[in-house]
Structure formats: structure tokens, C-alpha cells
Amino acid sequence: MGFSALPPRLDSTTAAYVLTAINNWIPHADAAIMHVSPPWAAMLGGYSPADAVDTVQVPLANYYRARGLDIVFTVDATDGLNRAAEAPELVAAGRSITDTMVQRLYREWVYAVALKIQPAYLGLAAETNLIRALAPDSVYQALVTMANAVATQINSASLPSQLFVSVQVEVAWGRPTGPYQGIAQDLSDFPFVEALGLSSYPYLGGFADPEAIPLDYYSRIPQGTTLPVLVVEGGWPSISVAGVTSSLDEEARYIGQQERLLDSAKAKGVFQLTFYDFDLSANPPPPGSALLLFTHLGLADSAMRAKPALAVWDSVLHRPRAP
């Protein structure tokens with residue numbers, strides 16, 4: 001169980017501020033999630049993929065391990081806020097993952113992550129079913145090609161990470177109108193997976209209350225497989241925002257309901273990308289930005305004060321563990 005290094009203020013990236021933010025959530029975690037986009041602009045500018053991993057990701061991974069945290073790593077190769085689009089850095093450069101040179105950079109960077117960090121679980125693509133649904137087919141097929149290629153390289157080197165891709169739970173369920181879609185195509189397109197990552201934001205799937213989420217919401221997704229399941233991103237807002245009605249109490253109740261969903265799926269882990277709410281006062285996103293839907297998912301507010309949901313999270317963290 002754990003979080004990512006995202007601090008409350010996205011415009012403040014000083015090492016001291018980020019470390020303070022991380023140190024505040026470490027007592028509430030036994031693992032960390034690194035959800036990272038390849039540094040497209042730097043690599044297109046000539047920076048070595050391996051050097052990029054050494055400079056940015058390795059020091060953070062080493063810090064997590066020094067604090068006793070296991071590491072799960074997800075590679076996000078497209079636009080995390082708009083799955084119809086490619087990564088903003090690639091768009092700005094007029095490039096695409098359909099370019100063979102860009103695919104080579106992805107493979108070299110991901111392989112460097114696998115070699116130098118060796119996370120317990122390594123996700124080679126994020127929300128594959130949502131990308132397939134929204135992005136041009138050429139982009140999705142490029143993702144399939146390069147993920148499978150680097151998976152072969154990682155496995156040939158006998159590197160220890162269990163490989164996965166993540167799927168979007170609301171899309172798999174056909175939310176909000178149905179019918180259930182499943183993930184058969186994802187399993188066919190990414191046959192290397194040894195685990196299954198779940199991305200779930202049920203309030204975006206039309207659930208008005210946490211208790212309305214069915215208990216097989218996670219466990220139905222991997223049916224027919226023996227794949228272990230990890231929730232690698234998700235949450236529920238603590239305020240009413242962007243047309244979604246919620247509250248501090250509702251967020252806390254969601255963590256309680258999620259415990260039941262995790263038990264039903266015999267999940268191996270659960271992560272939120274945000275431990276804190278975002279303070280965007282200095283740089284507010286434009287009206288209609290998808291970021292507005294994710295600003296208040298933290299278990300602490302933007303001033304780093306605990307919210308009621310954190311006590312529920314801690315009660316799950318401190319449960320006796322199955323052998």
C-alpha cells in the first residue's frame with residue numbers, strides 16, 4: 001500500500017519540498033508507486049535514456065528502498081489526462097510513438113528502468129483499454145508493438161520484475177451504461193503480463209455513492225486467469241468538483257468499500273497516485289481541464305493535514321497480513 005511522490009504544489013519541485021511531502025506519507029505506506037512518463041523531450045534532445053533513468057528515477061528509488069519501501073513502477077507512454085492524445089512532449093515536438101525512433105527511445109528507457117531499478121512489479125503501459133477506445137488505432141498498435149518488444153528484452157535478460165499493464169476498470173465494466181466489456185483484447189495484445197494493474201475512479205463511472213460499487217468490481221476483471229491484481233491508481237474526491245458531488249465522509253467511506261473490493265479480488269497491493277490534494281492556486285488549470293477531476297483525491301489536504309479517509313486507510317494498512 002502506498003503513494004507516489006506527487007507533492008501538493010505541482011509548481012514547486014525543490015528537493016526539500018518533495019522530500020518533506022514523501023516523508024509525511026511514508027508512515028502510512030509499505031510501498032511506493034512510481035508512475036512515470038518517459039522523458040520524451042530530453043531524449044529527443046539527445047539525452048541518453050539510461051542517463052535519464054540514472055539522473056531522475058534511480059535516486060528516488062534508492063531513497064524509497066532506504067526507507068524500507070517496496071517499489072511498483074508504471075510507465076505511462078501517452079497523455080495520462082487525455083487518453084485520446086499522445087504525450088504532450090511528443091505532441092509539442094511533432095513526434096509520435098508510431099515513429100520507429102520514438103519506439104526505440106521507449107524501449108531503451110524502459111529497459112534501463114528494469115535493469116537499474118528492478119521494481120517488484122513493472123507496468124509497461126497504462127490504461128490500455130482506454131487508449132484502445134479513444135486513441136487512433138495506429139497509436140494503440142504502436143503501444144502494443146513497443147511494449148511487447150521491451151517485454152521480450154526484459155525477460156531475455158532474466159530481470160526480476162513481474163511485468164504488467166494496467167486496465168481502466170470503469171471501461172472494462174462499460175460504465176456508466178454497460179454492457180460489461182472485459183479485458184480479453186488486452187490479455188491477447190499483451191501476452192507477457194504476469195500481473196494485472198487496475199486503474200479505478202468509480203465516481204467517473206457514474207457511481208454516486210461508494211456503497212453502490214459491486215463487491216466483484218475488481219475481482220471480475222481477471223476472471224479466467226490466475227493473474228495477481230494490483231490497484232495502481234485511483235481514488236474518490238473529498239469535495240464536490242466538476243459535476244461530481246462528494247464530501248470528506250464520502251471519501252472515507254470509499255476507502256472502506258475499497259477494502260472490501262480488494263479482499264474480494266485477493267489483491268496484492270493498492271496505490272493512490274496522490275497522497276495530497278493539489279494546491280493549484282498559483283497555476284490554475286484552464287476551465288474544463290480533466291485535471292479538475294483529480295485535484296481532491298488525497299488522504300491529506302494541500303496543507304498536508306490528514307483527512308478522515310487517512311484513518312480508514314491506516315486501519316487497512318495495519319491489518320494482519322496473509323502469509
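In this predicted model, the residues Met1, Ile255, Gln258, Glu259, Leu262, Val270, Trp313 and Val316 line the largest cavity. Two elements, α10 and α11 (308–317), each contribute two or more residues to this lining. The largest share is that of α10, which supplies four residues. By class, six of the lining residues of the largest cavity are nonpolar, one is polar and one is charged. The volume of this cavity is about 40 Å³, and the count of cavities of 30 Å³ or more comes to one.

The second largest pocket has a volume of about 720 Å³. Its lining comprises 23 residues, and those nearest the centre of the pocket are Ala267, Lys268, Gly269, Arg321 and Ala322. Two or more lining residues come from each of β3 (70–75), α10 (248–265) and β8 (269–272). The lining of the second largest pocket divides into 14 nonpolar residues, one polar residue and eight charged residues.

The table sets out the two spaces by volume and by the class of their lining residues.

| Space | Volume | Nonpolar | Polar | Charged |
|---|---|---|---|---|
| Largest cavity | about 40 Å³ | six residues | one residue | one residue |
| Second largest pocket | about 720 Å³ | 14 residues | one residue | eight residues |

Helix α10 appears in both descriptions: α10 gives two or more residues to the lining of the second largest pocket, and four residues to the lining of the largest cavity.

Methods. Residues numbered from 1 in each chain as written. Predicted model: local features only at pLDDT ≥ 70, side-chain atom pairs only at ≥ 80, totals over all residues. Heavy atoms only, no water. 1 Å grid on protein atoms, 1.4 Å probe; cavity = no way out; pocket = protein on both sides within 12 Å on 5 of 7 lines; lining within 4 Å. Points joined across faces, edges and corners; volume = space filled by probe spheres on them. Nonpolar A, V, L, I, M, F, W, Y, C, P; charged D, E, K, R; others polar.
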